[in-house]
Amino acid sequence: MLEVQGISLGYGSTLVLEGVDLRVEAGEFVSLVGPSGSGKSTLLRTIAGLLTPQKGSIRRGCTQEEIGFLFQEDALLPWRTARDNVALGLRIRGWPKEQAWKEAEAWLERLGLEGLGNRFPHQLSGGQRKRVALAQVLVLKPRLLLMDEPFASLDAILRTQVTQDLLALVEEEGITVLLVTHDLEEALSLSDRVYLLSQGPRARIVQEYRLPFPRPRDPIGVKADPRFGTYLQRLWQELKEVSLCAAP
Ligand SMILES: Nc1ncnc2c1ncn2[C@@H]1O[C@H](COP(=O)(O)OP(=O)(O)OP(=O)(O)O)[C@@H](O)[C@H]1O
């Protein structure tokens, strides 16, 4: 679904990424972790097509329309109801209003927001708002979902609930996911593979972990697997090591 080869990219004279390679197969859930400021968001934005690499290539197995984005800041319009916000993308794609509303309501319901379609974003809790943002992306049936710390603003309990629901939905829909996160437990509990990016400048992928946990997966239950602790310890250790060795 996605093949990144030898990507290099900088801001001004600083080369943030140098020679980054990664692959995401169709239906996989892959996370990208690394030290703060290493270039994770830069890499995701490059994959999303928002930044142009100075070197290297990106091959996507789907069209731009089939890519969904979920960033830390949601894209809800404050003057539109939850239903209208979710329906907006379908309306832009030419769906008639009634049909778009019906589909939007169905997705709000799947995300546990039944009956809240008439509320405006400021009338929703933080968790409900995130669920509307998720419905806004999923209603467009993305084949590849790119997420950059989408639930970072939520408290631990809400975050766990929303990610649990997200995982069930992407498994059901067969959506391929690339997630940037600083939360190692989140990365290990959700993913099939985790990539570790080195400390920048000139960051590159230094490690890849292939996780043995089956699907469909309960991201809470998987933490009780004794192998989970082993992976977590290894990832922590390697993240600590790369954080200490910045490129000269
Ligand atoms: N628009 C920009 N102009 C100049 N430098 C930038 C810009 N955006 C990011 N940077 C720099 O590029 C480097 C990588 O930033 P990026 O946000 O990609 O890292 P990150 O790994 O996502 O960080 P974090 O984990 O803290 O969110 C940092 O040193 C940052 O200061």
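## Reading a crossing

When one helix packs over another, the crossing is right-handed if the near helix is turned clockwise from the far one by less than a right angle, and left-handed if the near helix is turned anticlockwise. Keep that idea at hand as you turn the structure above, which is a predicted model. Two packed helices are described by the angle between their axes and the distance between the axes.

## The annotated domain

Let us begin with the overall setting. An unreviewed UniProt entry carries the annotation "domain: ABC transporter" for residues 2-224. Over residues 2-224, the chain is 32% helix and 26% strand. The C-alpha atoms at the two ends of that stretch are 31 Å apart.

## Around the ligand

Which residues are around the ligand? They are Tyr11, Val16, Gly34, Ser36, Gly37, Ser38, Gly39, Lys40, Ser41, Thr42, His182 and Gly200. Helix α1, residues 40-47, gives the most to this shell, with three residues. Sorted by class, the shell has nine polar residues, two nonpolar and one charged.

## Helix α2 meets helix α3

Now for the helix pairs. The axes of α2 and helix α3 (residues 97-110) come within 8 Å and cross at roughly 120 degrees. That angle makes α2 oblique to α3, since angles over 115 degrees and up to 145 fall in the oblique group. The crossing of α2 past α3 is right-handed.

On the α2 side, the contact is made by Ala82, Arg83, Val86, Ala87, Leu90 and Arg91. Helix α3 brings Lys97, Ala100, Trp101, Glu103, Ala104, Glu105, Trp107 and Leu108. What classes of residue make up the contact of α2 with α3? There are nine nonpolar and five charged residues, and no polar ones.

## Helix α2 meets helix α4

Helix α2 (residues 82-92) also packs with α4, at an angle of about 25 degrees and with the axes 7 Å apart. The two helices are therefore roughly parallel to each other, as angles under 35 degrees count that way. Here, too, α2 passes α4 in a right-handed crossing.

The contact joins Ala82, Asn85, Val86 and Gly89 of α2 to Val132, Ala135 and Gln136 of α4. Its residues divide into four nonpolar and three polar, with no charged.

## Helix α4 meets helix α5

On to a further partner of α4. Helix α4 (residues 126-138) packs with helix α5 (residues 156-173) at an angle of about 20 degrees, their axes lying 10 Å apart. So α4 and α5 are roughly parallel to each other, and their crossing is right-handed.

From α4, the contact takes Gly126, Gly127, Lys130, Arg131, Leu134 and Leu138. From α5 come Leu158, Val162, Leu166 and Leu169. This contact of α4 with α5 has six nonpolar, two polar and two charged residues.

## Backbone details in the loops

Where should you look for proline 201? Follow the chain to the loop between β8 (193-197) and β9 (205-210). The peptide bond leading from glycine 200 to proline 201 is cis, with omega near -5 degrees. Glycine 200 may ring a bell, as Gly200 is one of the residues around the ligand.

A cis bond also joins arginine 215 to proline 216, with omega near -5 degrees. Proline 216 lies in the loop between β9 and α7 (226-244).

One more residue to find is glutamate 149, in the loop between β6 (144-148) and α5. Its phi is near 45 degrees, a positive value in a residue other than glycine.

Notes: Residues are numbered from 1 along each chain as its sequence is written. This is a predicted model: local features need pLDDT of at least 70, side-chain atom pairs count only at pLDDT 80 or more; totals for chains, interfaces and linings use all residues. A residue is near a molecule or strand if its C-beta atom, placed from the backbone, lies within 6 Å of it. Helices (H or I, at least four residues) and strands (E, at least two) are DSSP runs, numbered from the N terminus. Ala, Val, Leu, Ile, Met, Phe, Trp, Tyr, Cys and Pro count as nonpolar, Asp, Glu, Lys and Arg as charged, and the others, Gly among them, as polar. Axes are lines fitted to C-alpha atoms, for helices over the stretch in contact, and angles run from 0 to 180 degrees between N-to-C directions. Angles under 35 degrees count as roughly parallel, over 145 as roughly antiparallel, 65 to 115 as roughly perpendicular and the rest as oblique. Two residues are in contact if their C-beta atoms, placed from the backbone, lie within 7 Å. UniProt positions are given in the numbering used here, feature names are shortened, and annotations may be inferred rather than shown by experiment.
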